[in-house]
Amino acid sequence: MKRTNAQRKKIEKRISWLTVAVAAVIAVVIAAFGYFGQKDKPFDVSSDGTMRVSFIDVGQGDCELIECGGTNILIDGGEAINADFVLEFIKSRGITKLDYYVVSHPHSDHMGAASRIIDSIPIDKFVTTDFSELNMPTSKVFENMLDSLERQTTCEVVTVRAGDVLNAGKLKLNVIAPFEETADYNNMSIVLRVDYGSTRFLFTGDAEREVEKQMLENGSDIKADVLKVGHHGSKTSTSSEFLKAVSPQFAVISCGSGNSYGHPHKETTELLKRCGVTYFRTDEQGTVTVYSDGSKVTCANEAA
C-alpha cells in the first residue's frame with residue numbers, strides 16, 4: 001500500500017507554496033434524521049455495537065457513509081452539486097471528522113463533491129486508486145480535488161491495489177480491486193469489502209464485468225451480505241456468475257430518477273429477482289440504510 005511517485009510529487013510540488021491551513025468544522029445537528037426522508041432506528045452507533053451504512057441518495061451518482069463505534073468512513077460523494085447535501089447529512093450525525101474518505105474512481109458522479117468535502121471536514125486518510133503519470137486524470141474536478149488535498153495538510157493520501165487491507169476501529173477494509181492499471185477509470189474502481197464481525201458489505205464503484213471476471217478467476221473472497229450494485233445497475237456490471245459468488249441478502253442500486261442512461265437496466269433487476277436478492281433503489285426509495293450488529297444485517301427501508 002503506497003502512494004505513487006507521480007501522485008506524491010504532483011501533490012508535494014503544488015503545496016510547497018501554500019500556507020498551512022487546516023479547517024476545523026463544528027458539528028451542528030441541523031435536523032432530525034427524518035429531514036432526509038429516512039426511516040431510522042434509535043441506535044447510538046458510536047457506542048452500542050451497531051454498524052450503520054447509509055447509501056445516500058445523491059441522484060445519478062454514488063455516496064455511502066459508514067458509522068461504527070466512533071469510526072466514520074465516507075465512500076464517494078456524487079457530483080459537485082451534491083456536496084452541501086452530503087455535508088449536512090454527515091453533520092446531522094454529529095460527525096466532526098472522517099477517519100477514511102475513499103474515492104472509488106475519478107468520475108464526477110463519484111468524486112465531483114470531493115473538493116468541497118475535503119475543504120469542509122477534517123480527514124485522517126484519503127484513499128484513492130494508483131495512477132501512473134500516463135493515465136493521471138486531467139479533469140477539472142480531479143484538479144480541484146488535488147487543490148483541496150493540498151490545503152488539508154494533515155490528511156494522509158493513501159493509494160491502494162488489490163490485496164491491501166486497512167484497519168478502521170472495529171472494521172476491516174479489504175481492497176479486492178483494482179488489480180492493474182488501465183485507462184478505463186470504471187475498471188480502476190476501488191472494490192472494497194468492509195467486514196464487521198461476521199457480516200460483510202461489498203462496495204464496487206463502477207467496476208464492470210471485466211473486473212468481476214478477474215475477481216472470480218483470482219479467487220477473490222467477494223461473498224457479502226450486502227452488495228452495492230456496480231455502475232448504478234448498468235447491464236455492463238453484475239454478471240450472473242459474480243452475483244452468485246457474492247450471494248448477498250440485500251443489494252442497493254444508487255441511481256437518479258429518470259436518468260438518461262436507463263439505470264438500472266432491466267437485465268440487472270431481473271437477475272437480482274431471479275437470484276432471490278432483496279434490492280433497494282435510491283431513485284425510488286431515497287437514502288437506504290442498512291444496519292449490522294456484527295452477526296446479521298437489517299434494512300430500515302421497504303424493499304422495491
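The legends below describe close-up views of a predicted model.

Residues are numbered from 1 along each chain as its sequence is written. In this predicted model, local features need pLDDT of at least 70 and side-chain atom pairs count only at pLDDT 80 or more, while totals for chains, interfaces and linings use all residues; side-chain values use heavy atoms, with hydrogens and water left out.

**View 1. The whole chain contains nine helices and 15 strands.**
Helices (H or I, at least four residues) and strands (E, at least two) are DSSP runs, numbered from the N terminus. Of the 304 residues of the protein chain, 57% are buried. Buried means under 20% relative accessible area, exposed means over 50%, and partly exposed lies in between (1.4 Å probe, protein chains only). Among contacts in the chain with a separation of 6 or more, 68% come from residues 24 or more positions apart. A contact means heavy atoms within 4.5 Å.

**View 2. Eight strands form an open sheet with mixed pairing.**
The strand order is 6-5-4-3-2-1-14-15. Strand 6 (156-160) and strand 15 (297-299) are the edge strands, each pairing on one side only. From one strand to the next, the twist averages 20°. Two strands pair if DSSP finds at least two bridges between them. Strands of a sheet pair through backbone hydrogen bonds, either parallel or antiparallel. Strand 3 (residues 71-76) and strand 4 run parallel and are joined by three bridges. In this pairing, L74 stands opposite Y101 in strand 4. Helix 2 packs on the sheet, where it touches strand 1 (51-55), strand 2 and strand 3. The direction of helix 2 makes about 10° with that of strand 2. Axes are lines fitted to C-alpha atoms, for helices over the stretch in contact, and angles run from 0 to 180 degrees between N-to-C directions.

**View 3. Strand 14 (residues 288-292) is largely enclosed by the rest of the structure, because five of its five residues are buried.**
V288, V290 and S292 point one way from the strand, and T289 and Y291 point the other way. In a regular strand the side chains alternate between the two faces of the sheet. Strand 14 runs antiparallel to strand 1, and five bridges join them. The bridge partner of R52 in strand 14 is Y291. Strand 14 also pairs with strand 15 in the antiparallel sense, over three bridges. Here Y291 stands opposite T298. The hairpin of strand 14 and strand 15 has four residues between the strands, and in it G294 takes a positive phi near 100°.

**View 4. The largest nonpolar core holds 32 residues.**
A nonpolar core is a set of buried Ala, Val, Leu, Ile, Met, Phe, Trp, Tyr and Cys residues joined through side-chain atoms within 4.5 Å. L74, L98, Y101, I117, I118, F126 and M145 touch the most other members of this core. Elements that each supply at least two of its residues include strand 2 (63-68), helix 2 (83-92), strand 4 (98-102) and helix 5 (140-151). Helix 2 gives the most, with five residues. A second, separate core has 31 residues, among them C68, Y100, V175 and F250. In soluble globular proteins, nonpolar side chains tend to be buried together.

**View 5. Y101 and F126 form an edge-to-face aromatic pair.**
The ring centres are 5.6 Å apart, with 85° between the planes. Rings of Phe, Tyr and Trp (its six-membered ring) pair if their centres lie within 6.5 Å; planes under 30 degrees apart count as stacked, over 60 as edge-to-face and the rest as tilted. Y101 lies in strand 4 and F126 in strand 5, 25 residues apart. Both Y101 and F126 are buried. The whole structure has four aromatic pairs.

**View 6. F250 and F280 form another edge-to-face pair.**
Their ring centres are 5.7 Å apart and their planes lie at 65°. F250 is in strand 12 (residues 250-253) and F280 is in strand 13, so the pair ties together parts that are 30 residues apart in sequence. Both F250 and F280 are buried.

**View 7. Two buried charged residues, E67 and R281, make polar contacts through their side chains.**
A polar contact is a pair of N or O atoms within 3.5 Å; within protein, one must be able to donate a hydrogen and the other to accept it, and residues adjacent in sequence count only if both atoms are side-chain atoms. E67, in strand 2, has a relative accessible area of 2%. The side chains of E67 and R93 are joined by a polar contact of 2.2 Å. R281, in strand 13 (residues 278-281), has 16% relative accessibility. Its side chain makes a polar contact of 2.7 Å with that of D283. Leaving aside neighbours within four places in sequence, R281 is in contact with I253, P264 and G286.
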